[in-house]
Amino acid sequence: MQMNRRLFMESAAAVAGALGSARMANAQAALPQAADRSGFIFGSGPVGSCDSGKLGGPIVKWHPGEKQWWMWYYCRDAAWPKDVAPGFGTGRVALAKSRDGIVWDRHDGHLALGSIFVPNEDPQAFDSSHVASGDVLYHDGLWIMAYFGGDQEIPNKVGGVEVYPPYKAKGYRGRPGIATSSDGIHWERVRGKGTGGAAVDIGDYIYAAFPNIIHDGRRYLLYYAKLSPRILFWETHVAESIDLINWTELGEVGWSKDMAVWERGGSVTRNIIPNPDRRGPKWIMTYSALDARWMDYPRTIGLAGSNDAITWTRLLDEPILGRGSVKSWDGGGVTFSSVVTKDDTVRLYYFGYKVEQYAALEPTLGIGLATARQGRWNSLLKLDQT
């Protein structure tokens, strides 16, 4: 199957048609300039804000009460300590709101620098050095956030294996946790049975991070990426719970097909939604795959389906969203997808970052949007899983 860089349309063109050229020009005028910013919709905040340094991890949901789109995301301010998980953009969690899902207004949160969720004050907690959004689920009238955080440990050896030097930093011993909220803004931690109150433990891995959560009708399923100190393959594991406190680890998710060449480094983030087309698999997952053929393991986004949310089948042999052009803001990779549907359009929000040697061109990273017509999306979801 011959494919362009993206199955999804470039959002810069798609959004302009939806909003009108004048409004789109106004929206883009506030963005930093770059050689190619196609799809770029949300970047770092102003000086003094919680996201003035880095941001990522978009989670986009429709808020039925406010009748707006809400986007939770992780971030760190420009003064964030350089020695805390330096490769992550994690630190606090912030919120933005939008009436159209394209132009966003930052919510001035009640916590530090306008955030809504911050590291734990207890130095013994698993999330005392930084926190990050993973996923948000609205279930039985309650907002549930699956997040991850890092502790104060600097991992030098894990399971007897010397840790790769870039990961010898405070905050990389990450674990997933759960928080709940009645309004999506004020969050209360759910103390788990894992180390320091985490939902699950990590064993002989550097971290268990970037969680997602669903409810399959009888239980919660929590997905997260685990990274071995040998840094060869990012594993996706899953755990189950009926009360958000007691979690049973089920091991790695299964795949019914051999890995494609562009996903042989594993997968680090994912987004799971019920399939809107009943003729296909029950669950749909967009996932960020790592290409082990390259030293920097670049990320692209693939599409998979499942009937039990445990064993997955890749639905296409190519990514549905690839990297941008070499000098574009997302030329280094695309990851952390969040999928929503609106009218006859499917929207895929994602985190993108620039190729390192072009880091002088702004923006170097941010949140992007790509779109596809609903009909085209449905034709993919109906693909047979066998």
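Start your selection with the lining of the second largest pocket, whose residues divide into 20 nonpolar, eight polar and three charged. The model on your screen is a predicted one. The space in this second largest pocket comes to about 560 Å³. Its lining has 31 residues, and those closest to the centre are Lys-61, Ile-272, Ile-273, Pro-274 and Val-339. Colour the strands S3, S7 (130-139), S13, S18 and S22 next, as each of them supplies at least two residues of this lining.

**The largest pocket**

Now move over to the largest pocket, with a volume of about 1,300 Å³. Which residues lie nearest its centre? Select Gly-87, Tyr-167, Asp-296, Arg-299 and Tyr-353: they are the ones, out of 33 lining residues. Sorted by class, the lining of the largest pocket holds 21 nonpolar, seven polar and five charged residues. The strands to highlight here are S3 (54-63), S13 (207-215), S18 (267-274), S22 (333-342) and S23 (345-353), each with at least two residues in the lining of the largest pocket.

**From S3 into S4 and S5**

Keep S3 selected and add S4 (68-76). The two strands run antiparallel and are paired over eight bridges. For a landmark, click on Val-60 and look across to Met-71 in S4, its bridge partner. Is S4 mostly covered or mostly open? Mostly covered: eight of its nine residues are buried.

Stop at the turn of this hairpin, where four residues sit between the strands and Lys-67 takes a positive phi near 55 degrees. Most residues other than glycine have a negative phi, so this is a good place to pause. Lys-67 belongs to the loop between S3 and S4. With a relative accessible area of 59%, Lys-67 is exposed, because exposed here means over 50%.

Then extend the selection to S5 (residues 92-98), which pairs with S4 in the antiparallel sense over seven bridges. Here the pair to show as sticks is Tyr-74 and its bridge partner in S5, Val-93.

**The open sheet around S8**

Next, select S7, S8, S11 and S12. These four strands form an open sheet in the order S7-S8-S11-S12, with antiparallel pairing. Which strands are at the edges? S7 and S12 (188-190) are, and each pairs on one side only. Turn the view to follow the twist, which averages 35 degrees from one strand to the next.

Inside this sheet, zoom in on S8 and S11 (residues 174-181), an antiparallel pair over eight bridges. Phe-148 is a handy marker, standing opposite Pro-176 in S11.

Follow the chain between S7 and S8 (142-150), and you will find Asp-140 in the loop. Like the lysine you stopped at earlier, Asp-140 is a residue other than glycine with a positive phi, in this case near 50 degrees. Is Asp-140 buried or exposed? Exposed, as its relative accessible area is 73%.

**Last stop: a cis peptide bond**

Finally, select Glu-362 and Pro-363. The peptide bond that joins them is cis, with omega at about -5 degrees. Most peptide bonds are trans. To place this one on the chain, look for Pro-363 in the loop between S23 and S24 (365-373).

How values were computed
Residues numbered from 1 in each chain as written. Predicted model: local features only at pLDDT ≥ 70, side-chain atom pairs only at ≥ 80, totals over all residues. Heavy atoms only, no water. 1 Å grid on protein atoms, 1.4 Å probe; cavity = no way out; pocket = protein on both sides within 12 Å on 5 of 7 lines; lining within 4 Å. Points joined across faces, edges and corners; volume = space filled by probe spheres on them. Nonpolar A, V, L, I, M, F, W, Y, C, P; charged D, E, K, R; others polar. Buried < 20%, exposed > 50% of the residue type's maximum accessible area, 1.4 Å probe, protein only. Pairing = 2+ DSSP bridges. Axes fitted to C-alpha atoms, helices over the stretch in contact; angles between N-to-C directions.
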